[in-house]
Structures are given as C-alpha cells and as structure tokens.
Amino acid sequence: MSADATRGRKLVRRRRPWRSAAFLGVLATVLAACGNENGQNSLDPKGPVAEKIDNLFLPVLFVAILIGVAVTIATVYVAIRFRQRPGRPDNPKQTHGSAPLEIGWTIVPALILAVIAVPTISTIFELAERPKGPEVLKVDVTGKQWWWEFSLPKQAMADKQIVTSTELHIPAGTKVLLRLHSDNVIHSFWVPELAGKKDVVPGRTNELTIEADEPGTYLGACAEYCGLSHADMRFRVVAQPMADWEAWRDGQLEGPAKPWEGEIQDLTATKYQCTNCHLFDDSSKATYGPNLTHLASRTTFAGGVYEVDRANLTKWVMDAPSMISMNAKDCRQPPPATCVGMPSFTKNTPKGQPVMTQADADAIVSYLLGEK
Ligand SMILES: [Cu+2]
C-alpha cells in the first residue's frame with residue numbers, strides 16, 4: 001500500500017470524532033430550543049384563548065402528520081419498486097390519464113380540507129369575538145421602537161389613566177381586551193402562552209383578547225421585525241389575584257414614592273431635560289419615552305432586557321445607547337428630531353449641554369428607585 005493511501009485513510013479516521021462532535025453540538029443547540037420551560041411555549045396554553053388555538057392546532061397537526069407519513073411511505077415504495085434494475089427496460093410501463101385516480105386525488109384532499117375547515121372557521125370566529133361586560137379590562141397597547149407601552153383608560157376613582165411600559169398587569173381569570181396601536185412601524189404582539197400573534201399596524205387599531213387562568217408571569221415578545229432592537233422588544237404579562245391587582249392599580253394611581261420637586265426636578269426638567277421625553281410624577285402618557293413615575297414597581301426595563309437595579313439604571317441613565325442598540329445620536333428632543341431611542345448623557349453631548357456627573361446620575365437613580 002502506498003504511503004499516500006495510508007495517510008488518506010488515517011485522515012478520514014481522524015476526522016470522524018470531530019465531525020460527530022460538531023453534529024452533536026448542533027443537535028444539542030437545536031434541541032435546546034425545544035425545552036418547554038422557556039416560558040414562551042405555545043403548546044402549553046395558560047388561558048382559554050391560547051387553549052382554543054391549541055385545540056385546533058393539535059388535531060390539524062395530527063392530520064398533517066398522517067398525510068406526511070403516508071406520502072413519504074408511498075414515495076419510498078415507488079422509488080424502490082420501480083427502480084432501475086440490470087436487464088430491465090429503463091422505464092416502467094407508462095400510463096396516460098386515469099380517471100378514477102385523478103378524481104380520487106382531487107376529491108380526497110378537498111374532503112380533508114373541508115373537514116378541517118369546520119373547526120378552523122369556528123375558532124377564527126370565536127377568537128374574533130369581543131368580550132363584553134363590565135368586568136372586561138380594556139388596555140391600550142402601543143408598540144414603540146423598541147418597547148411596549150400599556151395604558152389603562154381613565155380610572156373613575158382617581159380620574160386618571162395608568163401608563164406603564166414593558167410590564168402589563170392583569171387580574172387572573174378576567175378577560176382583557178387589548179387595543180393594539182403603533183405610531184411608528186409594524187410590530188406584532190405575542191404572548192405565546194396566552195394568545196396568538198396579532199400585528200400592530202400604524203394607522204389602525206387591532207384587537208386581541210387575552211386571559212390567564214392562574215396568577216403568574218407570562219413572557220412576550222415583538223414578533224415582527226421592526227428595526228435595530230427588535231430582538232430586545234420583550235415584555236411580560238403579570239397576572240395577579242384580583243385583590244393584588246387592585247392594590248397594584250391603586251399604587252399606580254398614587255404619586256411617586258418621593259415628591260418630584262427641588263433638586264430632582266431641577267436635574268430632570270431643567271439641567272438634563274429628561275422631561276422632553278419622560279414623565280416623573282404623573283401616571284399619564286409621556287410625550288415619547290416610558291412613564292418613569294413607578295419604574296420602581298417594575299422588575300425589568302428597556303424592553304425587558306435589564307433588571308431594575310441600581311447598577312443597571314445608573315449605566316442606563318448615563319449612557320443608554322451602550323446598553324441596547326438605538327439610533328439616538330446626540331439628540332435631546334423626541335422625534336421628529338433625528339433620533340429613535342434615548343440619548344447618551346455622557347457621550348456625544350451637544351455643545352452647551354451638560355455632561356452627566358456620577359453624583360447627578362446617583363441622585364436620579366435614587367429617585368427612580370423610590371429611595372428616600
Ligand atoms: Cu417591534
């Protein structure tokens with residue numbers, strides 16, 4: 001045997017373990033996505049709306065699998081049965097046109113589709129039904145770049161709206177009618193364990209009903225590519241027992257933990273002009289950014305990417321664009337100026353504007369965290 005052939009064989013043998021390791025690696029990565037404890041499993045419905053979808057999906061999947069298996073078996077059978085064999089003519093006997101077969105493969109799929117259409121259409125109508133009654137909670141949802149704003153209509157007891165971001169609180173066991181808006185591009189609102197996806201389209205209001213059977217936190221995300229930080233446009237639905245939810249609502253209607261006056265007002269309204277985009281002491285809609293009055297009551301911020309804590313908030317307040325991708329440049333004004341997002345207060349500071357000091361950032365963060 002020549003030296004070359006020996007080397008060639010060795011090479012092949014040496015490569016194999018590497019290849020199977022790579023294969024296992026890819027397989028493990030792919031399968032990791034199948035874990036059902038990721039909090040976003042649409043096959044694990046946690047409320048009646050998601051259940052309706054699941055109850056349609058499973059039987060249709062079953063039928064699809066049956067057909068898929070039958071077609072695969074038939075294909076393999078035909079490939080083997082009519083394969084080319086030595087001493088046989090190239091082609092099997094050719095037939096042209098077969099009325100029974102053609103009628104058969106037209107009618108059978110039509111029947112299957114007709115049968116599937118019955119539950120499909122009734123589910124579509126059921127999902128489109130608007131929940132009615134005084135107990136239904138209505139929430140306006142606005143897709144922003146790149147975060148979600150949730151706004152509860154004026155609450156009679158205080159004559160005030162409640163506007164929050166990234167975390168939607170709902171009472172468990174209550175139907176919630178979401179009215180979806182966008183003032184920028186198309187987004188898609190998706191909480192897989194509670195409901196299907198619904199597009200959020202500028203210039204129109206789409207509606208989606210959600211309901212959670214049990215208290216819990218249900219993870220959601222934007223499901224329509226919407227620019228730079230689309231992947232960071234997450235949110236969570238926090239379902240609470242009614243009494244807890246009412247306590248949450250009453251808390252949101254109150255003023256901030258610390259009065260917004262004196263030093264903090266000077267810093268946020270005058271020195272750094274955060275109030276061009278934010279509100280600090282009122283539960284209503286801010287001009288452009290998230291309402292910050294009750295930021296301390298949330299667990300995450302910036303599209304659910306960061307936990308609300310001192311270290312994260314300090315970094316954010318000083319230099320937000322270093323934490324998620326934004327097109328913020330040096331602007332201090334909301335659009336239609338050139339920016340999308342929040343500017344850095346330590347980098348690219350426009351002429352005449354103060355650069356944020358550590359002491360100022362600390363004071364702002366203490367206020368945001370509701371520390372006295
Ligand atoms: Cu989006």
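In which sense, parallel or antiparallel, do strand 4 and strand 10 pair, and over how many bridges? The points below take up this pairing first and then turn to the chain as a whole, to helix 3 and to Val305.

1. In this predicted model, strand 4 and strand 10, the latter formed by residues 234-240, pair in the parallel sense, and five bridges join them. One bridge partnership can be named: Glu167 has Arg236, in strand 10, as its partner.

2. The two strands belong to an open sheet of five strands whose order is 4-10-9-6-7 and whose pairing is mixed. Strand 4 (167-171) and strand 7 (198-200) are the edge strands, each of them pairing on one side only. On average, and with direction ignored, neighbouring strands of the sheet are turned by 25° against each other.

3. Helix 4, which comprises residues 242-253, packs on this sheet and touches both strand 4 and strand 10, while its direction makes about 135° with that of strand 4.

4. Taken as a whole, the protein chain contains seven helices and twelve strands. Its radius of gyration is 29 Å, whereas a compact globule of 372 residues would have one near 21 Å, and the C-alpha trace spans about 100 × 70 × 35 Å along its principal axes. Of the 372 residues, 28% count as buried. Among contacts between residues at least 6 apart in sequence, 61% join residues that are at least 24 apart.

5. Helix 3 (residues 99-128) deserves a separate comment. From its first C-alpha to its last, this helix of 30 residues reaches 42 Å, which is close to the 44 Å expected at 1.5 Å a residue. A kink of about 30° nevertheless lies at Ala117, shortly before the proline Pro119. Helix 3 is also hardly covered, for the count of buried residues among its 30 residues is zero.

6. Val305 lies in the loop between strand 11 (300-301) and strand 12 (306-307). Is Val305 buried or exposed, or does it fall in between? Val305 counts as partly exposed because 18 other C-beta atoms lie within 10 Å, whereas a buried residue would need 20 or more and an exposed one would have 12 or fewer.

7. The surroundings of Val305 lead back to the strand with which this note began. If residues up to four places away in sequence are not counted, Val305 touches Asp232, Arg234 and Ile324. The C-alpha atoms of Val305 and Arg234 are separated by 7.2 Å, although the two residues are 71 residues apart along the chain; strand 10, for its part, covers residues 234-240.

Definitions and conventions: Residues are numbered from 1 along each chain as its sequence is written. This is a predicted model: local features need pLDDT of at least 70, side-chain atom pairs count only at pLDDT 80 or more; totals for chains, interfaces and linings use all residues. Two strands pair if DSSP finds at least two bridges between them. Helices (H or I, at least four residues) and strands (E, at least two) are DSSP runs, numbered from the N terminus. Axes are lines fitted to C-alpha atoms, for helices over the stretch in contact, and angles run from 0 to 180 degrees between N-to-C directions. Two residues are in contact if their C-beta atoms, placed from the backbone, lie within 7 Å. The radius of gyration is taken over C-alpha atoms; the globule rule is 2.2 Å times the number of residues to the power 0.38. The expected span of a helix is 1.5 Å times one less than its number of residues. The bend at a residue is the angle between axes fitted to the seven residues ending there and the seven starting there.
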